[in-house]
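Subject: Structure for your attention

Dear colleague,

Please find the structure below, together with its sequence. A description of what was found in it follows, arranged by chain.

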Amino acid sequence: MIYLDNSATTRTLPAAAEAAQYYMSESFFNPAAAYSPAVESERAVNAARARLAGAMNAAADEIVFTSGGTESNNMAIYGSLGAMRGQGRLVVSAVEHPSVYEVMKRLSPEYDVVEAGVDQQGRVDVAGLAQLVTPGTRFVSVMQVNNETGAINDIPAIYKLVKREAPGALLHVDGVQGFLKVPFEARNCDFYTVSGHKFHGPKGVGALYVKKGTRFLGGQIGGGQEKNLRSGTTNTPGIMGMDAALQYYLANQETMWENMRTCKLRLAENLLALPDVLINGPAPEEGAPHILNVSFLGVRGEVLLHALEEKKIYVSTGSACSAHKKGKNRILNAMGVTGERQEGAIRFSFSAFNTPGEMDETAAAIADLLGLLRRFKRR
Amino acid sequence: MEQVLLVRYGEIHLKGLNRPFFERKLIDGINNALRGFGAKVRREQGRIYVHGIAPERMEAASDALTRVFGVHSISPAMAVEKEWNAIVEAAACLTEQAAGGKNVTFKVFSRRSDKGFPMNSETINHELGHVLLERFPNLTVDVHAPELKVCVEIREQAFIYAAEIMGAGGMPSGTAGRAALLISGGIDSPVAGYLMAKRGLTLSAVHFYSYPYTSERARDKVVELTRLVSRYAGPVWLHLVPFTEIQLAIYEKCPPKETTVLMRRLMMRIAEMLAERDGALALITGEALGQVASQTLESLCVTDDAVEMPVFRPLIGFDKEDIVTIAKRIGTFETSILPYEDCCTVFVPQHPVTKPEVKKLRESEAMVDFMPMIATALEKTETLAVEAN
């Protein structure tokens with residue numbers, strides 16, 4: 001198997017699975033309980049909280065553990081708008097994940113929701129954004145790394161812009177694809193979303209960074225866990241599993257970046273040698289090290305995906321969350337990638353455990369298949 | 001007092017000497033639908049009685065019976081001794097459940113099949129109506145359009161019931177032989193299969209897939225649709241036929257305008273071979289006249305020309321809307337509209353021929369030697385026995 005869909009999810013690291021297992025079967029106590037083994041669980045969770053905060057240069061008490069990216073994104077929006085009085089403008093980039101984009105759509109027309117466009121690479125157009133962020137703006141959401149193309153947004157510049165044009169507005173950054181893959185400092189935003197299973201942690205766990213002093217209601221209501229911002233029995237196995245993955249990542253970050261980048265460049269080079277192949281998004285050496293979006297003209301991405309699947313090579317067309325929805329790809333549309341080029345788009349996403357050999361094998365398989373599949377174009 | 005289900009059947013009454021056979025098949029169908037309910041099914045004097053179902057599962061059981069072909073209607077009833085006080089108590093209990101304290105109009109309908117019972121039906125209507133009026137002050141009589149019908153039947157026991165739930169009708173499964181349904185994954189074919197199974201046919205189903213042009217989810221969808229049809233039709237043998245090689249050969253070697261009709265001819269051929277293998281005597285398709293280019297009269301003649309078996313097209317005179325209505329009623333619609341591409345839509349030509357000629361199509365088909373490809377496809381065909389429960 002060659003797994004090149006690491007933006008959809010990653011394989012859980014053995015260390016992460018072991019940590020989760022330990023907190024399921026050994027140290028299984030509810031950290032909110034009063035006896036000493038429970039206190040120990042609580043300490044472990046708080047140590048994990050501190051490490052996660054450290055990875056983005058934040059303070060431990062700015063981290064709220066959640067069930068993952070979707071919850072963090074929903075909570076950031078609803079939890080902060082709920083703490084504000086009156087309506088106003090919300091700015092969302094055209095390429096946000098549905099857990100941001102669809103929430104914003106639902107908030108219209110109660111709020112004045114406007115979309116910020118992206119350039120051909122999939123990066124939010126900062127000059128255009130400056131036009132949209134009016135003094136009455138309440139909330140801005142821009143992702144750190146585009147999940148389709150790997151384009152990296154200039155978050156520090158966007159944060160400065162937002163605070164300058166609309167001092168009362170909050171900036172949320174969806175870091176689901178970006179966290180640990182691309183350097184990030186929490187001081188450049190008010191909210192930052194993290195998802196555990198994108199960096200070899202378990203599924204069902206994530207976090208939201210909330211800048212100290214932000215007026216914020218949080219999410220679900222109940223027993224008051226997570227400083228009353230996110231009630232629900234603490235998911236110790238998930239949190240400790242994610243923490244183990246985080247520790248592994250931090251200890252090996254340079255090598256991991258290097259491995260992903262090597263694979264990405266190798267595959268891009270191999271594929272660009274084939275006829276009628278185009279890169280979507282930033283040049284391979286520029287974007288995030290783990291995402292490469294390529295169009296194979298004259299082939300439907302979905303057909304190529306299934307043909308590769310027969311060879312046990314797994315890739316994606318569009319993000320997995322939208323692969324079930326027929327129709328145009330919203331993200332590529334926003335970048336102006338349309339028609340045949342959009343139809344033939346495939347996203348390869350890498351982990352540090354992929355190898356250059358796999359890239360050669362993948363490219364060779366694609367070269368073979370293109371010959372066959374291009375004979376049978378839709379007339 | 002015991003709760004039973006009264007099951008009435010329709011057309012079987014007409015079946016002369018074959019009637020016991022049809023009744024037996026109907027009882028098989030009922031037993032099959034009620035598997036796991038602990039039901040005891042008994043036939044007596046043109047009625048079927050279902051005993052032994054726990055009161056809290058009565059609704060689920062009668063719902064399951066609405067999907068059994070050959071059942072005309074179902075009534076959840078109370079069975080009591082043929083004794084006046086018992087009948088009155090059961091009727092009161094039923095009225096209490098149905099009317100409670102509300103203002104309701106009602107009428108008593110009674111039937112006395114056992115002439116040994118001392119009161120005739122008119123007297124029962126009268127007396128029982130009187131007692132119920134006294135006990136329930138909110139009741140009023142309406143003999144023309146009552147909201148509540150209190151029905152009493154005096155047979156080997158006395159049965160008291162209010163509701164008559166309509167069944168699926170048709171003929172019992174397994175009374176008409178076997179036919180093979182071409183199933184694509186769209187809205188029409190499951191409905192066609194349902195309608196023919198309703199006339200007593202046992203089904204085989206044949207599905208063509210074109211991996212990698214269609215996905216594994218498209219395949220799962222067809223398995224699920226077959227399962228939904230089998231809730232009515234009983235077990236279905238589903239054949240999954242790999243069709244890519246044939247489709248690509250048509251695409252490369254035959255006139256582009258004719259690809260769809262040619263594909264239909266080859267599908268029919270393969271379906272006929274599988275049907276023969278299963279002992280089926282006919283093919284079933286979901287075609288409706290004029291719905292698409294391959295369903296014009298000329299196209300249908302050309303597809304029929306490829307096979308010898310009769311081809312049943314129960315939807316031929318239906319509008320799409322009518323088909324959708326049935327699909328929604330039998331619960332296949334939601335699955336049918338899942339957006340996975342099926343092999344029919346993968347290579348649709350821009351301008352398909354709408355008035356193909358048999359002679360020309362035979363010639364086009366002869367341009368390629370399809371026999372070895374058909375043999376391979378049959379060899380690689382996977383067969384599943386699909387069952388609802």
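Which residue of β14(B) does Leu283(B) stand opposite? The partner is Val311(B). Please keep in mind throughout that this is a predicted model, and that every value quoted here is computed from it.

**The open sheet of chain B**

The pair just named belongs to strands β13 (residues 282-284) and β14 of chain B, which run parallel and are joined by 2 bridges. Both strands are part of an open sheet of 6 strands in chain B, with the order β14-β13-β10-β11-β12-β15 and mixed pairing. β14 (311-312) and β15 of chain B stand at the edges; each has a single partner strand, so one side of each is left without a neighbour in the sheet. As general background, the strands of a sheet pair through backbone hydrogen bonds, either parallel or antiparallel.

**Chain B as a whole**

Chain B contains 14 helices and 15 strands. Its C-alpha trace spans about 85 × 40 × 35 Å along the principal axes. Of the 389 residues in chain B, 44% are buried. Among the contacts in chain B with a separation of 6 or more, 81% are between residues 24 or more positions apart.

**Strand β5 of chain B and its two partners**

Strand β5 (residues 104-112) of chain B pairs with β6 and with β7, and Phe106(B) has a bridge partner in each.

- β5(B) runs parallel to strand β6 (residues 139-141) of chain B, with 3 bridges between them. Here the bridge partner of Phe106(B) is Val141(B). On the way from β5(B) to β6(B) the chain passes through helix α4 (residues 121-135) of chain B, in a β-α-β crossover that is right-handed.
- β5(B) also pairs in the parallel sense with strand β7 (residues 148-154) of chain B, over 7 bridges. In β7(B), Phe106(B) has Leu148(B) as its bridge partner.

**Helix α6 of chain B**

Helix α6 (residues 216-233) of chain B offers a simple check of geometry. At 1.5 Å a residue, its 18 residues should span 26 Å; the end C-alpha atoms are 25 Å apart, which agrees. The buried residues of α6(B) include Ala218(B), Val222(B), Leu225(B) and Val229(B), and Lys221(B) is also one of them. Among the elements that cover the buried residues of α6(B) are α5 (188-198), β11 (202-209) and β12 (236-242) of chain B, as well as β15 (382-386) of chain B. β11, β12 and β15 of chain B also appear in the open sheet described above. Just after α6(B) comes Gly234(B), with a positive phi of about 80°.

**The two domains of chain A**

The domain assignment divides chain A into domain 1 (2-9 + 253-378) and domain 2 (14-251). The C-alpha centres of these two domains of chain A lie 28 Å apart. Where they meet, 22 residues of domain 1 of chain A are in contact with 24 residues of domain 2 of chain A. On the domain 1 side, α8 (253-272), β10 (291-296) and α10 (330-334) of chain A each supply at least two residues. The residues of that side divide into 11 nonpolar, 10 polar and 1 charged.

**Local features of chain A**

Strand β3 (residues 89-93) of chain A runs parallel to strand β4 (residues 112-116) of chain A, and 5 bridges join them. Leu90(A) stands opposite Val113(A) in β4(A). The chain crosses from β3(A) to β4(A) through helix α4 (residues 98-107) of chain A, and this β-α-β crossover is right-handed.

Helix α9 (residues 301-310) of chain A is mostly covered, with 7 of its 10 residues buried. Glu302(A), Val303(A) and Leu308(A) are among the buried residues. The buried residues of α9(A) pack against elements including β10 and α12 (356-373) of chain A. Lys312(A), which follows α9(A), has a positive phi, near 60°.

Is Thr233(A) buried or exposed? Thr233(A) has 11 other C-beta atoms within 10 Å; a residue with 12 or fewer counts as exposed, so Thr233(A) is exposed. Thr233(A) is found in the loop between β8 (206-210) and α7 (236-251) of chain A.

**The contact between the chains**

Chain A gives 8 residues to the contact and chain B gives 11. On the side of chain A that touches chain B, the residues divide into 3 nonpolar, 1 polar and 4 charged.

Yours sincerely

Note on methods. Residues are numbered from 1 along each chain as its sequence is written. Chains are lettered from A and ligands numbered from 1 in the order in which they are written. This is a predicted model: local features need pLDDT of at least 70, side-chain atom pairs count only at pLDDT 80 or more; totals for chains, interfaces and linings use all residues. Two strands pair if DSSP finds at least two bridges between them. Helices (H or I, at least four residues) and strands (E, at least two) are DSSP runs, numbered from the N terminus. A crossover is right-handed if, with the strands pointing away from the viewer, the path from the first strand over the helix to the second runs clockwise. Domain bounds come from an automatic or database domain assignment. Two residues are in contact if their C-beta atoms, placed from the backbone, lie within 7 Å. Ala, Val, Leu, Ile, Met, Phe, Trp, Tyr, Cys and Pro count as nonpolar, Asp, Glu, Lys and Arg as charged, and the others, Gly among them, as polar. The expected span of a helix is 1.5 Å times one less than its number of residues. A residue is buried if 20 or more other C-beta atoms lie within 10 Å of its own, exposed if 12 or fewer, and partly exposed in between; C-beta atoms are placed from the backbone.
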